[in-house]
Amino acid sequence: MAAFVFLLLCVTLAAIPFFFLFRASRCRRRMLPPGNLGLPFIGETLQLISAYKTENPEPFIDERVKRFGPIFTTHVFGEPTVFSADPETNRFILMNEGKLFDCSYPASISNLLGRHSLLLMKGSLHKRMHSLTMSFANSSNIRDHLLVDIDRLVRLNLDSWNGRIFLMEEAKKITFELTVKQLMSFDPGEWTESLRKEYVLVIEGFFTVALPFFSTTYSRAIKARTKVAEALSLIVKQRRKQSEAGEKKKDILETLLAGDYGFSDEHIVDFLLALLVAGYETTSTIMTLAVKFLTETPLALAQLKEEHDQIRAEKRENEALEWSDYKSMPFTQCVVNETLRVANIIGGIFRRAMTDIPIKGYTIPKGWKVFASFRAVHLDRDHFKDARSFNPWRWQENSGTTSAGNVFTPFGGGPRLCPGYELARVELSVFLHHLVTRLSWVPAEEDKLVFFPTTRTQKRYPINVQRRNHVSKLCKE
Ligand code: HEM
Ligand SMILES: *[C@@H]1O[C@H](CO)[C@@H](O)[C@H](O)[C@H]1NC(C)=O
Ligand SMILES: *[C@@H]1O[C@H](CO)[C@@H](O)[C@H](O)[C@H]1NC(C)=O
């Protein structure tokens, strides 16, 4: 602790001259959005962190929007940053990716992701690989290939639950198994479990926000990344041989091996690892929080159960869901959207200005960071009536509580639109289907939602589960 404070002090002192320089130049640039830069170097970072450790979802932005309007300047994580809580500006930022803005990650994050991950690619290579990933996860591929395994693996997992479980842990296990299956056709087993143990250490590395290079969690994460990469690289080698011998599988690894891209094994491993990372925390958190919100909204849970019992009633005991079933879950889709809106797993996105950019009468200076906050828009009462409460019915037609479509961007947009947007929705819907038709549950302890370092519940949402009497059986008797 003492060492940390000392270090912080050194960096702070070193930053003071820059700070005054920056202040001075700021006065000349009249058009910067209004705001407060806080203390030298650390800026408003501590305020940001402490705000998001509470249950109130939007304290940091609320306060500043009230004082400065929806576009303001602050100083967080070592840099002056323009924050946007304005849907039009957010859209402008998303659509101009690669033209006026580009994405930028700190070195600590890119080392964990690997150089050849989709998230770090730019230009035409990014375009090609983004569209490849989109078609891997598009609705036809889910319908024709992925759905059957999603259904089976979710069911297998839920059937093993008994008594008290940590829902967040179980959801992570499910998500990991699904992704490994989808990417490289591996069924869960000892190999996937031992890979997952290493993988969990890698993920922890992403959340060492303060001074990552001095943290033991971070160096452990880097070591674990090497191990995971080695394990994946063995698979890639094996599959390359099989593929050359004409033994082809229908997964994304096969496409990457197909040769049109001329990728090395290292490229492929980086690419696969990034996909594993991108869908992991996000999808498992949305599964957990959907259950939490439903538990706290019994009317919504009852309506959801009814929808799924009806689907089950038409089927044999373990018959898999089909695409047409997925397409006849209107209320479930309302629950999915509302969970995405309230939980906002990706609260927004960071970009860097590639040039001076005029926006709404201000100028964002070249090289500055911008943060487009989706969460601020999703929780804005001007766009969603009674915006801070969970109300899935708002998504029903003509409810009048939701403003026009394009302010809702849980999956981003533009050239970096989340390629997993449909896949995540299907996985959550299938998960909810089997959960409500097979099990009933009660929270085992009170648990709280927090927003830092990510959206999660404090105690990993412990619940007690019980098997439900099977509906389809009841109907037949
Ligand atoms: C509820 C679940 C999910 C949410 C809320 C979510 C959200 C997002 C958002 C907001 C972005 C845009 C980032 C940016 O613009 O910088 C993104 C990118 C991405 N997502 Fe997702 N995602 C989810 C699930 C998934 C899944 C299941 C996959 C697996 C295929 C996935 C793969 C990716 C990838 C590869 C990118 C990077 C795209 C690029 O940089 O071109 N996501 N996601
Ligand atoms: C999904 O991707 C496949 C392969 O690229 C393509 O043939 C198909 O038309 C796409 N489907 C949709 C619904 O976009
Ligand atoms: C859920 O949100 C998406 C946008 O992400 C929208 O296209 C869709 O119509 C919404 N679903 C419902 C049921 O309103």
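The following exchange examines how several descriptions of this predicted model are justified.

User: What makes up the chain in terms of helices and strands, and what percentage of its residues count as buried?

Analyst: The chain has 18 helices and 12 strands. Of its 477 residues, 38% count as buried. Among contacts between residues at least 6 apart in sequence, 72% join residues at least 24 apart.

User: Why are α13 and α17 called roughly perpendicular?

Analyst: The axes of helix α13 (residues 298–313) and helix α17 (residues 421–438) cross at roughly 90 degrees. Angles of 65 to 115 degrees count as roughly perpendicular. The two helices α13 and α17 are therefore roughly perpendicular to each other.

User: How do you know that α13 meets α17, and which residues take part?

Analyst: The axes of α13 and α17 come within 9 Å. Leu304, Lys305, His308, Asp309, Ile311 and Arg312 in α13 meet Leu432, His433, Val436 and Thr437 in α17. By class, this contact has 4 nonpolar, 3 polar and 3 charged residues.

User: What makes strand β1 mostly covered?

Analyst: In strand β1 (residues 71–76), 6 of its 6 residues are buried. A residue is buried if 20 or more other C-beta atoms lie within 10 Å of its own. Ile71, Thr73 and His75 on one side are buried, as are Phe72, Thr74 and Val76 on the other, and both faces of β1 are thus covered. In a regular strand the side chains alternate between the two faces of the sheet.

User: How do you know that β1 is paired with β2?

Analyst: Two strands pair if there are at least two bridges between them. 6 bridges join β1 to strand β2 (residues 79–84), and the two run antiparallel. The bridge partner of valine 76 in β2 is glutamate 79.

User: Why are β4 and β9 described as standing at the edges of their sheet?

Analyst: The open sheet has 3 strands in the order β4-β12-β9, with antiparallel pairing. β4 (163–166) and β9 (439–443) each have a single partner strand, so one side of each is left without a neighbour in the sheet. Neighbouring strands of this sheet are turned by 35 degrees against each other on average, direction ignored.

User: What supports the pairing of β4 with β12, and which helix packs on this sheet?

Analyst: 4 bridges join β4 to strand β12 (residues 462–467), where at least two are required for a pair. Arginine 164 stands opposite asparagine 464 in β12. Helix α8 (residues 167–184) packs on the sheet and touches β4 and β12; the direction of α8 makes about 65 degrees with that of β4.

User: What makes up the shell around ligand 1?

Analyst: By class, the shell around ligand 1 has 16 nonpolar, 7 polar and 1 charged residues. Of these 24 residues, Ala278, Gly279, Gly412, Cys418 and Gly420 come nearest. The elements giving two or more residues to this shell are α6 (123–136), α12 (265–295) and α17. The largest share, 6 residues, comes from α12.

User: How do you know which classes of residue surround ligand 2 and ligand 3?

Analyst: Around ligand 2 are Ser135, Asn138, Ser139, Ser140 and Asn141. Ser and Asn are outside the nonpolar and charged groups and count as polar, and the shell around ligand 2 accordingly has no nonpolar, 5 polar and no charged residues. Helix α7 (residues 139–159) gives the most to this shell, with 3 residues. Ligand 3 is surrounded by Gln333, Cys334, Asn337, Trp395 and Phe408. Cys, Trp and Phe count as nonpolar, and the shell around ligand 3 divides into 3 nonpolar, 2 polar and no charged residues.

Note on methods. Residues numbered from 1 in each chain as written. Chains lettered and ligands numbered in written order. Predicted model: local features only at pLDDT ≥ 70, side-chain atom pairs only at ≥ 80, totals over all residues. Axes fitted to C-alpha atoms, helices over the stretch in contact; angles between N-to-C directions. Contact = placed C-beta atoms within 7 Å. Near = placed C-beta within 6 Å. Parallel < 35°, antiparallel > 145°, perpendicular 65-115°, else oblique. Buried ≥ 20, exposed ≤ 12 C-beta atoms within 10 Å, placed from the backbone.
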